[in-house]
Amino acid sequence: MAEYLSENQVIAIKRKRGELNISVLALSRELGLSRWTLDNIFKRNHRKVTPATYKKLSDWLIDEYATADIKDSTEAAQGK
């Protein structure tokens, strides 16, 4: 059974990758995915992915935004 990434999910992944200033290759290594899989998603509008790929991308995105939120909250509390 395949999963489908929404356009909003792909935009969010691209945006977060850009904010972190990491290459597709670095992201592929971090996620344990093929760089060609990510390249197909980013450049070729490939939205149908395996459940494992979907989970890796979703979990990474959630973790990155949660980490950013915690950092922002900590800085706000410290008056930075």
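**Note on a predicted four-helix, two-strand chain**

1. Asparagine 45 has a positive phi of about 60° and lies just after helix 3. This value, like the others below, comes from a predicted model.

2. As to overall architecture, the protein chain contains four helices and two strands. Their order along the sequence is β-α-α-α-β-α. Of the contacts with a separation of 6 or more, 69% join residues 24 or more positions apart.

3. As to the surface, about 5,400 Å² of the protein chain is exposed, and carbon and sulfur atoms supply 53% of that area. Of the 80 residues in the chain, 29% are buried.

4. The largest nonpolar core comprises 15 residues, and those with the most contacts inside it are Ile13, Leu27, Leu38, Ile41, Phe42 and Leu57. At least two residues of this core come from each of helix 1 (7–20), helix 2, helix 3 (35–43) and helix 4 (51–77). In soluble globular proteins, nonpolar side chains tend to be buried together.

5. Isoleucine 13 deserves separate mention. Beyond its neighbours within four places in sequence, isoleucine 13 is in contact with Leu27, Phe42, Leu57, Trp60 and Leu61. Among these partners, Leu27, Phe42 and Leu57 are also listed with isoleucine 13 as residues with the most contacts inside the core.

6. Helix 3 has four buried residues to consider: Leu38, Asp39, Ile41 and Phe42. They lie on the same side of helix 3, because the arc they cover around the axis is only 165°. The N-terminal end of helix 3 is capped by serine 34, with a side-chain oxygen 3.0 Å from the backbone nitrogen of tryptophan 36.

7. Serine 28 belongs to helix 2 (residues 24–31). Is serine 28 buried or exposed? Serine 28 counts as buried because its relative accessibility is 4%, where the cut-off for burial is under 20%. Apart from neighbours within four places in sequence, serine 28 is in contact with Leu33, Ser34, Arg35 and Leu38. One of these partners, Ser34, is the residue that caps helix 3, and another, Leu38, is buried in helix 3.

8. Leucine 31 is also placed in helix 2. With 11% relative accessibility, leucine 31 counts as buried. Not counting residues up to four places away in sequence, leucine 31 touches Lys56, Leu57 and Trp60. The C-alpha atoms of leucine 31 and leucine 57 are separated by 7.4 Å, although these residues are 26 residues apart along the chain.

Terms used
Residues are numbered from 1 along each chain as its sequence is written. This is a predicted model: local features need pLDDT of at least 70, side-chain atom pairs count only at pLDDT 80 or more; totals for chains, interfaces and linings use all residues. Side-chain values use heavy atoms; hydrogens and water are left out. Buried means under 20% relative accessible area, exposed over 50%, partly exposed in between (1.4 Å probe, protein chains only). Contact means heavy atoms within 4.5 Å. Accessible areas come from the Shrake-Rupley method with a 1.4 Å probe; for residues, only the protein chains shown count as cover. A nonpolar core is a set of buried Ala, Val, Leu, Ile, Met, Phe, Trp, Tyr and Cys residues joined through side-chain atoms within 4.5 Å. The arc is that of the directions from the helix axis to the C-beta atoms. A polar contact is a pair of N or O atoms within 3.5 Å; within protein, one must be able to donate a hydrogen and the other to accept it, and residues adjacent in sequence count only if both atoms are side-chain atoms.
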